[in-house]
Amino acid sequence: MVLDAARRAGGSLEPERALAATARELFRRVDSDPARRTPATDVVQALAWLSGVTDPTPTVLVLRGELREARAELDQAFGELVPADRPTHVGVAVGGAPGRPLAVLVLTTRRLTLDPVPRRVRQGERLVLRGRLLEGVRAPALAVTRPDGRAEETPLGDGPDFFGQLPLDARGAWQVELTAESDRGATVVANFPVYVDTDPPATPEDTAAREAEAPESVETALLGMINAARRRAGVSPLEPLAALQACARAHALDMAEHRFVGHVSPTQGTTGQRLERAGLRSGLALENVGRGYTARLLHDGFMASPGHRLNVLHPAVTHVGIGVVREPGVGGGLLVTCDFIQVTPTIDTAAAVVTLLEGINTARRSRGIPPLEARSALQALAQEAARGYFEPPLRDEQAILNALGTRLRSESLLYSRVSLAAGQGASLDEMTRLEPLLDRAMRVVGVGVAQGDRAGSAPNTLFVVYALAVPR
C-alpha cells in the first residue's frame, strides 16, 4: 500500500532494514502511549541513529485505524511529502491490539551512497568517509562538531565521488555531517554521531509539545536561544534587523506555498539574490532553513547539524532575521528561515587612524622593530587616497596605490624609500596584518581611513591606505 501510494504521487520508495528497525521502535512507543501520539523529532532522530540510519532526520507517518481504510490518508500524505521532500527509502511497522490497529512509516531522502561507518571507535583512530553523491547533488563537504562544541567544515572536491578522513583525537561524541549543493542550495545529505571511547546517550524522553507553537512566539524564542548559544560560545550576540526579518519571513512563506525546504526558491532565487533585492548587501550572508513544531526542537535541530551550527555561531555575523510560518497540510508544522548577515557599523575614521597606528606599533615592538612615526604630510596624502576609493570615477585598489606612489616619488628629496599598502573589509583588525607594515627599514607613516558604499562591496566597507617611508 505504501509503495503504491508513493507511485501514485509520482515518487518511488525502497524498503530498508535500518528504517524498519526505527519504525518498530517508534511503533512500540506510539502503541504504549495512552494517546498514541507521534514521538517528537529529537526522539525520532535518536532512534534512527541507534538503528544505523545516516540520512537526515526521517519523516514519520502514523496511521491509526484499519489499513484497508488508509488509502485516502496515504494519498493525501504522499501528495504533500513527495513534491516537498522527495523521499526515497521507507521502513514500516504494523500491528496493534485487536480493535486498535496501528502502522508507523519512517521515510528518508537519500542523496548518496556511503561506505559503512563505525559508530563506536577508539580515540586516535581515523574515521574514513568514502562514497558517491547521487544524481542532483554535487560539491560534497564535511562538517563536524567536536566533543567540545567547536564546529569545522572541509570541502571534499567537486564530486560525485568523495573521500575524507577525520582524526578522532578527543574522547566523546562527534557529530558528522556531509553536505552538498543541489537545486535547492546547500543540502544535508548525511548526519550522524560517532562515539569515541564513550557510550551513546539514552534516547531522550518524549516531553515535547505536540502542537505547533505560534509563529511569532517561535521567532522571539529562537532569537533568545541563538544569542544564548553565542554567549556560551564566547561570541557576540546578534541584533535583530527588521528588513532582514521581512526577507526571512517572505522566504518561509515561499517555502510553505511552493512545498519545499531549501535555500533556492523556484520563484525568488538564491539567498544572495533575495537579500540584494531587499537592499541588504553584505560581504557575509548565511542562512538556516528547517521544519519543526517548537522553537526548542528547531533550535536543537540546527545545533545538532554541524553546518547549521557553524552559521549560528559564526563570529563575524552581526545581525539576524528570523521568519516562521505555519506549514499547510496534514502536519501543520512550522517552516523557519534564519538569515544572518554582517553589517559594518559606521565608525569615527579619525579615531580609527589612531587605533590602527597603535596596533601596528604594538605588532612592531613585539618583533623588536622600532615603531613608526606619523607624519602629517603622509597622513594627508593617505587620507585623500582612501576617500578616492568611494568617489567617482571609481578606481580599483591598485590604481589608487599607483597614483599615490607617483605623488610620493615626486618628493624624492624627502624620502629615500617609500612603500604602500591598502586593504578593504569589515573590520579594522584585518587592516593591521599587512606584511609591509612590518618592514624593519620603514620609519614614518601616513594612515588614511575611509568608509562608504561602492558597487560590488558590502555596505559601509572600510578602506585603509598606508604610506610608509624612510626619510633622507
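**Overall make-up.** I counted secondary structure elements and found twelve helices and 20 strands in the protein. The model is a predicted one, and I keep that in mind for every entry below. I looked up the extent of the C-alpha trace, which spans about 100 × 50 × 35 Å along its principal axes. Of the 472 residues, 49% are buried.

**Helix α1 and the start of the chain.** I began with M1, which lies in the segment before α1. M1 has a relative accessibility of 48% and counts as partly exposed, because the cut-off for exposed is over 50%. I then checked which nonpolar surface patch M1 belongs to. M1 makes the patch with L67, V92 and V94, and its area is about 320 Å².

R7 sits in helix α1, which covers residues 2–8. I noted R7 as exposed, at 51% relative accessible area. I also took the distance from R7 to G283: the C-alpha atoms are 45 Å apart in space, with the two positions 276 residues apart in sequence count.

**Salt bridges.** How many salt bridges does a search of the whole structure find? I recorded 25. I looked up three of the pairs by residue.

D75 and R8 form a salt bridge, with 2.9 Å between the closest N and O atoms. The pair links distant parts of the chain, since D75 is in helix α4 (residues 71–85) and R8 is in helix α1, 67 residues apart. D75 is partly exposed at 29% relative accessibility, and R8 is partly exposed at 39%.

E219 and R249 meet through their side chains in a salt bridge, 2.6 Å from N to O. E219 is in helix α5 and R249 in helix α6 (residues 242–258), so this salt bridge ties together parts that lie 30 residues apart in sequence. Are the two partners buried or exposed? E219 is buried, at 7% relative accessible area, while R249 is partly exposed, at 36%. I also noted a network at this point: R8, R71 and D75 are joined into one by salt bridges that share partners.

R122 and D197 make a salt bridge by their side chains at 3.7 Å, N to O. I placed both ends in loops: R122 between β6 (120–121) and β7 (126–133), D197 between β12 (185–196) and α5 (215–232). The two are 75 residues apart, and the pair links distant parts of the chain. R122 is exposed, with a relative accessible area of 57%, whereas D197 counts as partly exposed at 27%.

**A contact across the sequence.** A46 is in helix α3, residues 41–50. I found A46 buried, with 16% relative accessible area. Its C-alpha atom is 5.9 Å from that of T203, although the two residues are 157 apart along the chain.

**Second largest pocket.** I looked up the volume of the second largest pocket and noted about 190 Å³ of space. The lining has 13 residues, and T54, R110, L112, T113 and L114 are the closest to the centre. Which strand gives the most to the lining? Strand β5 (residues 112–114) does, with three residues. Sorted by class, the lining consists of five nonpolar, four polar and four charged residues.

**Backbone geometry.** I searched for cis peptide bonds and wrote down two entries. The bond from G159 to P160 is cis, with omega near 0 degrees. P160 is in the loop between β9 (151–155) and β10 (161–167). P392 and P393 are also joined by a cis peptide bond, with omega about -5 degrees. I located P393 in the loop between α11 (376–388) and α12 (397–409).

Next I looked at phi. R36 is not a glycine, yet its phi is positive, about 50 degrees. R36 lies in the loop between α2 (17–32) and α3. R36 is buried because its relative accessible area, 9%, is under the 20% cut-off. R86, also a residue other than glycine, has a positive phi near 50 degrees. I placed R86 in the loop between α4 and β3 (89–95). At 35% relative accessibility, I entered R86 as partly exposed.

How values were computed: Residues numbered from 1 in each chain as written. Predicted model: local features only at pLDDT ≥ 70, side-chain atom pairs only at ≥ 80, totals over all residues. Heavy atoms only, no water. 1 Å grid on protein atoms, 1.4 Å probe; cavity = no way out; pocket = protein on both sides within 12 Å on 5 of 7 lines; lining within 4 Å. Points joined across faces, edges and corners; volume = space filled by probe spheres on them. Helix = DSSP H or I, 4+ residues; strand = E, 2+ residues; numbered from the N terminus. Nonpolar A, V, L, I, M, F, W, Y, C, P; charged D, E, K, R; others polar. Buried < 20%, exposed > 50% of the residue type's maximum accessible area, 1.4 Å probe, protein only. Patch = residues over 30% accessible without salt bridge, like charges linked within 9 Å, V, L, I, M, F, W, Y side chains within 5 Å. Areas by Shrake-Rupley, 256 points an atom, 1.4 Å probe, with all protein chains shown as cover. Salt bridge = Lys/Arg side-chain N within 4 Å of Asp/Glu carboxyl O.
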